[in-house]
Amino acid sequence: RAKEQGKNQYQFFNGKMDQGIMQKTIIETAIYQAIEQREFTLFYQPQLDIATGQMIGMEALIRWHHPQMGLIPPHMFIPVAEETGQIIAIGEWVMEEACRQVKQWNEQTGRALRISVNISPKQFLQEKLVEQITAILKKTNLTADSVDLEITEGVAIFNEQHTIQKLKQLKALGVHISIDDFGTGYSSLSYLRKFPIHRLKIAKVFIDGIAQTEEDQAIVASVIGLAKNLKLRVIAEGVETFQQLQILRSLHCDEIQGYVLGKPLAKEEFEKVYLK
Ligand code: C2E
Ligand code: MG
Ligand code: MG
Ligand code: MG
């Protein structure tokens, strides 16, 4: 019997058990604790209007401040939270925290900055999303047009009719909608005719090669042209160099976000660098 147990343990630690599943369970448990212990925090990254040179707003990006492991980036836990449904609770916290923060900043500075909040597919599809955002806006006394929801093309593949309906409700509420990581999803372009959205966010993978490869520059130029023809705003994400910025300017891209302006910063640092 002892020998059998020993053998099972041996198998357990030698990957006979699916390691992915084991890790997922551990992460899931830790996320529950993180929600209870309030271990999440938001970082903020500026978004710039190229023509005016003004900061128009910032994207809220979640970080997990784990007591032992330190700052954990979203790709380590958002996919698990999305799978387990924990993203609903996390997302509600993010939305309220982001709204409260931008309200405070706008009051302090007299500006009308807009905050971009990432909404994962499961969050987008939850029934109470519109209700939840409405309640948070009321609670934080923030106007709806101070909020931009970043959704990915992925939401469309579940149920296009449902997505259109949800987007119409959000538009009626007055929040802005951006398509994040544009060009990397699986959906067809036809949804652009039907979705009431405000902005395309060109994925970093295309910006990366913009100064080196003609193909990437052609794709970026085309997406900018597409956005203009559809009367949408267009922002480039992951802009790292001044050269990339110059090319985007010459292509008449409206807005940029990326390390060339600044990395995402914690609240206090963001205030010091951008709001003083
Ligand atoms: P995303 O929404 O596309 O966010 C952009 C990511 O690129 C961020 O990574 C940002 O820190 C990073 N980034 C920005 N500029 C540059 C640059 O110039 N160079 C490079 N190399 N990277 C840059 P981050 O913060 O690790 O977030 C990763 C992803 O996690 C986000 O991608 C988003 O999909 C997700 N995420 C972040 N916060 C939240 C959240 O509150 N809720 C949900 N549902 N997802 C979130
Ligand atoms: Mg985003
Ligand atoms: Mg993105
Ligand atoms: Mg993304």
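Biologist: What is the spacing, in sequence, of the donor residues of the magnesium ion (ligand 3)?

Modeller: The pattern is D-D-x55-E. This is a predicted model, in which local features need pLDDT of at least 70, side-chain atom pairs count only at pLDDT 80 or more, and totals for chains, interfaces and linings use all residues. Residues are numbered from 1 along each chain as written, chains are lettered from A and ligands numbered from 1 in written order, and side-chain values use heavy atoms, leaving out hydrogens and water.

Biologist: What makes D180, D181 and E237 donors of the magnesium ion (ligand 3)?

Modeller: A donor is an N, O or S atom within 2.8 Å of the metal (3.2 Å for Na, K and Ca). The oxygens of D180, D181 and E237, the last listed twice, lie 2.1 to 2.4 Å from the ion. They therefore count as donors. Water is not among the atoms, so the site may look incomplete.

Biologist: Which parts of the chain does this site tie together?

Modeller: D180 is in strand β6, and E237 is in the loop between β8 (233-236) and α12 (242-250). The two are 57 residues apart in sequence. Strands (E, at least two residues) and helices (H or I, at least four) are DSSP runs, numbered from the N terminus.

Biologist: Why is D180 called buried?

Modeller: Buried means under 20% relative accessible area, exposed over 50%, and partly exposed in between (1.4 Å probe, protein chains only). D180 has 7%, so it counts as buried. E237, at 14%, is buried too.

Biologist: Which residue coordinates both the magnesium ion (ligand 2) and the magnesium ion (ligand 3)?

Modeller: D180 does, and the ions are 4.1 Å apart. E59, N118 and E150 also coordinate ligand 2, and the distances for its donors are 2.0 to 2.2 Å. E59 sits in strand β2 (residues 55-66) and N118 in strand β4 (residues 114-118).

Biologist: Why is N118 called partly exposed?

Modeller: Its relative accessibility is 27%, so N118 counts as partly exposed. E59, at 4%, is buried.

Biologist: What makes the pair of N118 and ligand 1 a polar contact?

Modeller: A polar contact is a pair of N or O atoms within 3.5 Å; within protein, one must be able to donate a hydrogen and the other to accept it, and residues adjacent in sequence count only if both atoms are side-chain atoms. A side-chain N or O atom of N118 is 2.8 Å from an oxygen of ligand 1. That pair therefore qualifies. R63 has a polar side-chain atom 2.8 Å from a ligand 1 oxygen.
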